[in-house]
Amino acid sequence: MSPYEHGEVYVLNDGGEVDLDLGNYERFLGTTLTKNHNLTTGKIYQSVITRERRGDYLGKTVQVIPHITDAIIEWIERVAAIPVDGTDRQPDVCIIELGGTVGDIESMVFLEALRQLEYRVGTDNFCHVHVSLAPEAGGEQKSKPTQHAVRELRAVGLPPHIIFCRSERPLDRNVMKKISQFCMVPPSHVISVHNVSNIMFVPLLLLEQHVPTLIFGQLKRTTMPVDDIPEWRNLAMSIDRAAETVRIAMVGKYTEFTDAYLSVNKSLYYAASHANRRLEIVWVDSVNLEQKMQATRPEVFEAEWKKLAAADGILVPGGFGNRGVEGMVLAAHYARKKKIPYLGICLGMQVAVIEYCRGELGLVTANSEEFDRDGTDNVIMYMPEIDPNTMGGNMRLGARTTIIARGSLAHYLYGQTVISERHRHRYEVNPKYIDRIHEAGGRFTGVDETCQRMEIFELPEEQHPFYIASQFHPEFLSRPLKPSPLFMGLVLAASKQFSRKVRHEKLPEDSSHPLHNFVWNPKAHGLSEETKVEVEAIRAKAHDGTGRDSDASSITAAAAAGGRRSFVTTPKLFIPCFLGESEGPSSSGQVASPIGPLGEHE
Ligand code: GLN
């Protein structure tokens with residue numbers, strides 16, 4: 001899947017590389033999905049062909065109907081039984097999203113499979129929600145596209161039970177009536193899904209129109225779902241209320257197609273929301289920061305640097321290939337020298353390490369093996385988990401444990417010493433350079449269980465107020481009500497609401513202390529028995545998929561003196577920080593915070 005055409009590749013705990021839509025389901029439903037939850041035409045055909053080769057069809061002619069349709073139904077029924085909420089309970093309801101537009105040739109066979117599925121399980125066990133568009137022309141909402149789509153659905157035997165109508169403004173009463181009449185659904189089943197000031201209002205919009213009751217009514221379920229979702233209401237309202245803006249520069253190379261960084265954008269947005277700031281993402285194309293650009297198109301070069309300089313914080317996200325990497329190194333250098341809050345993710349960490357080695361270790365040719373196979377100082381190297389000689393499938397993918405050094409910025413942010421985060425990379429910090437980097441003051445404060453792979457790089461307080469980078473991708477476990485600690489830290493630091501001094505555990509003075517050893521030489525030290533137990537616990541723990549102890553409901557924000565707000569938390573919380581004037585959770589218990597100009601396109 002090319003990020004240019006498809007948007008981001010979303011990574012699951014089990015290492016599945018899937019469509020970004022699955023990210024939306026994980027984020028909004030708080031579920032942990034598996035690669036099998038992503039059903040593609042290719043997977044279905046492959047399974048049918050494999051069965052045919054095995055002789056499962058006993059030499060009969062293999063056809064789209066019934067073999068492909070049967071395979072789709074079986075797949076859905078199998079996946080529907082997989083527990084997704086951290087318990088071992090089977091889900092009560094399975095949501096099947098059939099993407100695309102009615103009439104797409106690609107989806108015809110799936111429509112037929114779903115028709116058969118409805119017939120098989122019975123209408124009482126099947127609720128078909130059709131999502132359509134009511135565009136506006138000449139100030140008038142049009143119901144025709146919905147009517148035509150539903151006619152097609154009826155023709156294939158799949159009439160909808162509920163219709164969600166996307167529109168700019170609330171759906172006109174007349175349009176609603178028309179849709180109801182022509183599409184044969186009661187008016188109460190035509191739902192207006194119009195634009196709202198921020199995406200967090202969408203669940204509330206659906207709730208107001210009794211969508212859970214309608215769905216559960218169709219499914220003949222007796223336990224009624226929630227009648228209020230105060231935490232969403234608080235978040236949505238606080239986003240609208242935020243007045244101040246935080247500007248984060250995203251330094252990447254796909255900047256013309258920002259869906260490539262969807263989860264990163266969302267993680268920033270969630271963090272900003274909880275930090276009471278409006279988010280402004282400044283897209284900086286790293287290619288334009290490079291010296292070459294200065295020579296060929298100086299005006300572009302200057303404009304790009306101006307954008308970077310105007311940012312409150314800098315984020316270098318993940319990426320592949322060497323185009324634009326030098327520009328990212330320059331951005332990391334700029335952030336380090338100018339003491340601008342920096343978060344590097346995956347490639348963004350590798351770039352930070354390269355920059356540090358060039359700047360502080362005098363290794364002017366420091367680079368990654370990915371970009372210079374025979375480089376003299378490849379401080380980032382190819383370190384596959386499996387077999388270095390296999391070409392395909394050698395990416396380090398999915399959830400892995402990271403052990404965090406006590407007293408580090410990472411520890412401070414996560415409030416935990418063992419975490420689980422998702423990965424998608426091939427290259428790693430070259431162990432040969434670790435000691436020298438530590439001698440210069442840079443710190444690797446997160447390592448994998450073998451202590452071989454460096455997971456987190458950060459600068460100590462004496463060198464920088466907030467400079468941290470991770471080999472893992474924290475964006476995949478960031479949730480609206482539970483933003484990732486690294487993003488939270490970046491946004492708080494960028495909006496001057498972060499101070500590490502609070503509760504910052506100092507490293508023991510005695511350099512022979514095991515803690516010291518761990519921070520400075522994790523490889524030699526290995527894991528303590530105590531840490532091993534923690535690793536096991538986090539693995540076994542029935543969690544909500546974010547791998548973190550903290551509870552989102554424990555996040556509250558306080559209105560501080562003088563109308564300034566800052567992010568505070570209850571004792572168990574994952575990110576204790578704040579301005580001196582913070583006074584603890586506000587009595588209303590509401591989160592006071594912002595929405596950015598960045599639209600959400602879920
Ligand atoms: N290209 C780098 C690697 O393969 C970084 C990957 C990423 O940022 N996801 O290790």
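Which atom of the ligand has a polar side-chain atom of His 473 at 3.2 Å from it? In this predicted model, the partner is a nitrogen atom of the ligand, and the polar atom that lies 3.2 Å from that nitrogen belongs to the side chain of His 473. Considered by itself, the ligand would expose 300 Å², and the protein buries 99% of that area. The place where the ligand sits is the largest cavity.

His 473 is one member of a shell of residues around the ligand, a shell that also includes Gly 318, Gly 319, Phe 320, Cys 346, Leu 347 and Gln 350, as well as Glu 370, Arg 424, His 425, Arg 426 and Tyr 427. Sorted by class, this shell is made up of four nonpolar, five polar and three charged residues. If you trace the chain to see where the shell comes from, you will find that helix 15, which covers residues 347-360, supplies at least two of its residues, and that strand 15, which covers residues 418-425, likewise supplies at least two.

Two further contacts can be followed around the ligand. A polar atom in the side chain of Glu 370 is found 2.7 Å from a nitrogen atom of the ligand, whereas Tyr 427 takes part through its backbone, where a polar atom lies 2.8 Å from an oxygen atom of the ligand.

We can now turn to the protein chain itself, beginning with Ser 167, which belongs to strand 6, the stretch of residues 162-167. Is this residue buried or exposed? Ser 167 has a relative accessible area of 4%, and it counts as buried because this value is under the 20% cut-off. Its side chain reaches the backbone oxygen of Arg 169, at 2.7 Å.

The backbone also deserves a careful look at several points. The peptide bond that leads from Ile 65 to Pro 66 is cis, with an omega angle near 15°, and Pro 66 itself lies in helix 4, which spans residues 64-80. In the loop between helix 3 (41-54) and helix 4 you will find Leu 58, a residue other than glycine whose phi is nevertheless positive, near 50°. Leu 58 has a relative accessible area of 73%, and it is called exposed because that value is over 50%.

A positive phi appears again at His 210, where the angle is about 60° although the residue is not a glycine. His 210 is placed in the loop between helix 8, residues 202-208, and helix 9, residues 211-218.

How values were computed. Residues are numbered from 1 along each chain as its sequence is written. This is a predicted model: local features need pLDDT of at least 70, side-chain atom pairs count only at pLDDT 80 or more; totals for chains, interfaces and linings use all residues. Side-chain values use heavy atoms; hydrogens and water are left out. Helices (H or I, at least four residues) and strands (E, at least two) are DSSP runs, numbered from the N terminus. Buried means under 20% relative accessible area, exposed over 50%, partly exposed in between (1.4 Å probe, protein chains only). A residue is near a molecule or strand if one of its heavy atoms lies within 4 Å of it. A polar contact is a pair of N or O atoms within 3.5 Å; within protein, one must be able to donate a hydrogen and the other to accept it, and residues adjacent in sequence count only if both atoms are side-chain atoms. Accessible areas come from the Shrake-Rupley method with a 1.4 Å probe; for residues, only the protein chains shown count as cover. On a 1 Å grid over the protein atoms alone, a cavity is a set of points where a 1.4 Å probe fits but cannot get out, and a pocket is an open set with protein on both sides within 12 Å along at least five of seven lines; lining residues have an atom within 4 Å of a point. A molecule sits in a cavity or pocket if more than half of its atoms lie within 2 Å of its grid points. Ala, Val, Leu, Ile, Met, Phe, Trp, Tyr, Cys and Pro count as nonpolar, Asp, Glu, Lys and Arg as charged, and the others, Gly among them, as polar.
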